Amino acid sequence: MKIAESLSSCSSNSAGPVTPTIPLVSFLERVQETALSTFGGSQFDPKLYVDLSPKFELSKTQDAFDKLPRSANGSVSVKELNGFIEEYFEGAGDDMVYAEPVDFVPEPEGFLPKVKSKEVRAWALEVHALWKNLSRKVSDEVVKRPEFHTLLPLPKPVMIPGSRFREVNYWDSYWIIRGLLASKMYETAKGIVTNLIHLIEEYGHVLNGARAYYTNRSQPPLLSSMVHEIYSRTGDMQLVKKSLPALLKEYQFWSSGIHKVTIHDVHSSSHTLNRYYAVWNKPRPESSTIDKESASNITSISAKQHFYRELASTAESGWDFSTRWMRNPLDFTTLATTSVLPVDLNAFILKMELDIAFFAKLTGDYNTAESFLKASQARQKAMKSVFWNEKIGQWLDYWLNDNTCEETQTWEAYNQNQNVFASNFIPLWIETFYSDPSVVEKVLRGFQSSGLLGAFGIATSLKNSGQQWDFPNGWAPFQHMIVEGLVRSGSKEASSLAEDIAVRWIRTNYDAYKKTGTMHEKYDVSKCGEFGGGGEYVPQTGFGWSNGVVLAFLEEFGWPQDRTIHC
């Protein structure tokens, strides 16, 4: 099988292409707008309103909404709006119902054998038990009447991240699966993969999340990594065979024209790399009121549409939001994610190419295996040529020229983003790089001098901007990928550093859990036991990927009886 060629070129319309949503979404955005004017902005979460499911036909619900008594400025009273929502909607999240995980046991056989401390083992079992709290299945009502729900039907039970994230989220699922594997919950892990394959079959890519308003974008492509991890534990060839056609389809999505850019390097060689690019130019429905406010000082319609596309594309990156994507870190409206070739995205796609080559070989499809092996070699060269900075031992994001619809651009050293982000070290997670001792040595030095390692984990950036993907926040996925790359390198010094990072991260997770009784979405790496903040919503708990990384770290490193867990 040939690797997918470009499906389309960058749209000549500066607004970019748009994927439509269902009529229900547009109506719920109106409800969201009214709710903001009624309840005010304090603790207001716009996503709540687009996750509501009407009890009656949309036309009847809209009619009742339009007849609500309004003041002269168009606002609805708290009493009237609360009464309307209660009468006409099910609760947000009611379209997901509890599902007992089929493979959950309170203490699995062979669970975390390297954890010798009784205190840490007791906590680990509590974290393991959180899988029951996060386990759901799509209600039968969603299947019967899909037009009444923004939630999308899925064939298997799911693990939600937690709190406001009431549905499957794409890249969260990788670290949830890593935790489930440590918990010996193999069937639940396979079910998650089955659901993501279903989304590819329905939409051509894995959606950011299983909601109708997420169909315009994906998220960091880690499905092949999920399949690879499950296969390495279970040897399940049926899963590999079922996954391969879907992975080829996902690869085609990321190889489409809007995601693809060609760079001529200093030796006149051409390299193809990828970027995030949402098929959307409107406010994101789940953040519609926030996006409109952010764009309120942009006067031209086309500039507004461009900004909305950048917001959605940043959400596709998972890093929503960070100075990493801003041309001017002090001005949020300078978001330009579609003008960035990101290091981590291209590392994930390299991993996908290597995984597909491996799976194709397993299934006897040697032509596809050879084709994807060649593609991975070309991407490795591209990443070295475009991203690698020998002087500082990091891979650096590459800024494209303003005209991002140019078919090819010429590499310029000054277009490498010299700012330090955790993503600069993600290629080390890929075997291609961690198996090269000279690369490991340079990256190790680069990381040690980067300033990213805080007292309790790796910061996402060095800039304290108030955005949640900046300092002082640390996120579980980046602790895990960097630590795993260091460990797998085989270097004693790198492995020692990896364990040190993992210990710091486990301690702050433990301390926060003991203080608050919950696991958190992100943590402040400068203070022990403090969860992270910033961004456009209040800090969330639950929390899928944090649980998964703690369990994966404890499985890898254990916890000696004589090592204190306290900060």
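This briefing covers the strand pairing and the largest pocket of the structure above. The model is a predicted one, and its description here turns on an open sheet of 3 strands, a hairpin formed by β6 and β7, and a largest pocket with a volume of about 440 Å³.

**The open sheet**
- The 3 strands of the open sheet follow the order β3-β4-β5, and their pairing is antiparallel.
- At the edges of this sheet lie β3 (96–98) and β5 (158–159), each of which pairs on one side only.
- Strand β4, which covers residues 135–138, runs antiparallel to β3 and is joined to it by 3 bridges; in β4, Arg136 is the bridge partner of Tyr98.

**The hairpin of β6 and β7**
- Strand β6 (residues 260–264) and strand β7 (residues 270–274) run antiparallel and are joined by 5 bridges, with Leu273 in β7 serving as the bridge partner of Val261.
- Between the two strands of this hairpin there are 5 residues, and Ser268 takes a positive phi near 65°.

**The largest pocket**
- The lining of the largest pocket consists of 21 residues, and those nearest the centre of the pocket are His228, Leu354, Asp355, Phe358 and Glu431.
- Two or more lining residues come from each of α9 (223–234), α13 (343–362), α14 (366–386), α15 (431–434) and α17 (476–488), and α13 gives the largest share, with 7 residues.
- Sorted by class, the lining of this pocket holds 11 nonpolar, 8 charged and 2 polar residues.

Conventions:
Residues numbered from 1 in each chain as written. Predicted model: local features only at pLDDT ≥ 70, side-chain atom pairs only at ≥ 80, totals over all residues. Heavy atoms only, no water. Pairing = 2+ DSSP bridges. Helix = DSSP H or I, 4+ residues; strand = E, 2+ residues; numbered from the N terminus. 1 Å grid on protein atoms, 1.4 Å probe; cavity = no way out; pocket = protein on both sides within 12 Å on 5 of 7 lines; lining within 4 Å. Points joined across faces, edges and corners; volume = space filled by probe spheres on them. Nonpolar A, V, L, I, M, F, W, Y, C, P; charged D, E, K, R; others polar.
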